[in-house]
Amino acid sequence: MPVHPQFFQIPQEPMSPAPKKHHLEFPKPLLRFQIHDLSHPGTHAFLSAFGDSLPTVLHDAVRSVLTLLYTSNKHTLDSAQSQSSQPHSSEPHIPSTRSVTLILQSMEGVAYTTGLDLDDDHKEIHFSTDYIQGIPEARRKRETLGVLVHEMVHCWQHNAFGTAPGGLIEGIADWVRLNADLAPPHWKQEADGDWDAGYQHTGYFLEYLEQRFGKGSIMAVNQELRRKKYDEAAFWQKLFDHDVATLWKQYGKSLAKKTARNSMEEAEQAESCGDYNSGEIVEKKKDHRRNDEDIRRQHPRDFAQEMKDLYMT
Ligand SMILES: [Zn+2]
């Protein structure tokens with residue numbers, strides 16, 4: 001017979017005050033953290049940047065993503081049952097992600113997100129310590145946070161049952177990063193190429209739609225990706241009353257106007273400041289271009305591989 005103790009130490013005082021309730025009832029996933037190699041310089045750089053603030057940083061990243069993608073007074077957890085019973089509900093449905101594990105490991109590329117084979121509600125964000133090591137110290141914290149927010153979006157966004165264009169999925173992730181005020185200095189708006197080239201290229205296009213059609217437009221894009229498989233013509237027509245090719249052209253025109261206006265303002269400023277300053281502006285522009293190239297080399301994102309990891313698993 002095991003001996004059962006008859007007396008226990010009982011805490012006399014509450015250990016800590018009861019937690020205050022947040023006014024937004026967002027789900028709170030279990031957040032976990034794994035380090036593959038404590039001696040890697042990228043691990044050291046990451047821990048030096050965040051230290052004790054990591055739990056807050058990760059919670060804030062979840063909160064930024066949910067606020068931008070699902071801000072509303074009412075929230076309902078997504079589930080097979082609610083999808084079948086309320087296919088046309090206008091309430092935002094938040095995916096039922098139950099845990100997110102951040103894993104620091106040495107690998108090529110920047111980061112990717114995947115769901116576990118046995119249960120897709122458990123996500124893993126794999127973040128490259130080699131990449132973290134290469135970020136200049138002055139930008140390390142913001143760049144790392146920006147990458148984390150981007151990957152966190154993949155833990156919470158809808159994808160039209162795996163049929164959404166990869167560029168739209170990546171564009172939404174960078175749109176959230178942009179609106180979380182974590183855009184890196186090398187990002188710029190461009191309207192050449194395809195609308196769904198992804199990342200900030202598509203992210204800025206989505207921001208144009210948000211500005212033009214009103215707050216909540218990209219939240220509506222994400223919700224539409226929950227309802228059914230992606231049909232390009234019907235999707236954009238329903239949301240914005242235009243096809244996406246027309247919207248992309250209109251974005252290009254609006255961007256050209258903005259660029260012309262900025263150039264004119266710069267020229268006027270240069271004129272009023274004299275030749276010396278004008279030369280300085282040209283020089284600054286050259287430096288900016290060089291910086292862009294440097295940073296692009298630091299972003300070896302393998303788009304195809306990331307898509308495969310994300311949604312083919
Ligand atoms: Zn991504």
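This is a short walk through one structure, beginning with its sheet and then moving to the helices and a few single residues. Please keep in mind throughout that what we are looking at is a predicted model.

Let me start with the sheet, which is open and built from four strands in the order β1-β4-β6-β5, with mixed pairing. The two edges are taken by β1, residues 30–35, and β5, residues 111–115, and because each of them has a single partner strand, one side of each is left without a neighbour in the sheet. If you look at how neighbouring strands of this sheet are set against each other, they are turned by 20° on average, with direction ignored.

At the β1 edge, the strand pairs with β4 in the parallel sense, over six bridges, and as a landmark you can find R32 standing opposite T101 in β4. How many of the six residues of β1 are buried? The number is zero, so β1 lies largely in the open.

At the other edge, β5 is joined by five bridges to β6, residues 122–128, and these two strands run antiparallel. Here the landmark is A111, which stands opposite F127 in β6. Packed on the sheet is helix α5, residues 137–156, which touches β4 (99–105), β5 and β6, and whose direction makes about 20° with that of β5.

That brings us to the second partner I would like to show for this helix, namely α2, residues 54–70, which packs with α5 at an angle of about 55°, the axes being 9 Å apart. The two helices are therefore oblique to each other, and α2 passes α5 in a right-handed crossing. On the α2 side the contact is made by V57, A61, V62, S64, V65, L66 and L69, and on the α5 side by L145, L148, V149, M152, V153 and W156. Sorted by character, the residues of this contact comprise twelve nonpolar, one polar and no charged.

Helix α2 also appears in the surroundings of α8, which spans residues 217–227 and whose buried residues are I218, V221, N222, Q223 and L225. Which helices do these buried residues pack against? They pack against α2, α6 (166–179), α7 and α9.

Still in α8's part of the sequence, consider E224, which is 65 residues away from N159 along the chain, although the two are 9.1 Å apart in space, C-alpha to C-alpha. N159 itself is in the loop between α5 and α6, and it counts as buried, with 20 C-beta neighbours inside 10 Å.

Finally, I would point out two residues for their backbone angles. Y199 has a positive phi of about 50° although it is not a glycine, and its place is in helix α7, residues 199–213. Is Y199 buried, partly exposed or exposed? With 19 other C-beta atoms within 10 Å, Y199 is partly exposed. The other residue is D241, again not a glycine, with a positive phi of about 65°, and its place is in the loop between α9 (232–240) and α10 (244–273). D241 is exposed, having 10 other C-beta atoms within 10 Å.

To close, I would ask you to keep hold of α5, which packs on the sheet and also packs with α2.

Terms used: Residues are numbered from 1 along each chain as its sequence is written. This is a predicted model: local features need pLDDT of at least 70, side-chain atom pairs count only at pLDDT 80 or more; totals for chains, interfaces and linings use all residues. Two strands pair if DSSP finds at least two bridges between them. Axes are lines fitted to C-alpha atoms, for helices over the stretch in contact, and angles run from 0 to 180 degrees between N-to-C directions. Two residues are in contact if their C-beta atoms, placed from the backbone, lie within 7 Å. A residue is buried if 20 or more other C-beta atoms lie within 10 Å of its own, exposed if 12 or fewer, and partly exposed in between; C-beta atoms are placed from the backbone. Angles under 35 degrees count as roughly parallel, over 145 as roughly antiparallel, 65 to 115 as roughly perpendicular and the rest as oblique. A crossing is left-handed if the near helix is turned anticlockwise from the far one by less than a right angle, and right-handed if clockwise. Ala, Val, Leu, Ile, Met, Phe, Trp, Tyr, Cys and Pro count as nonpolar, Asp, Glu, Lys and Arg as charged, and the others, Gly among them, as polar.
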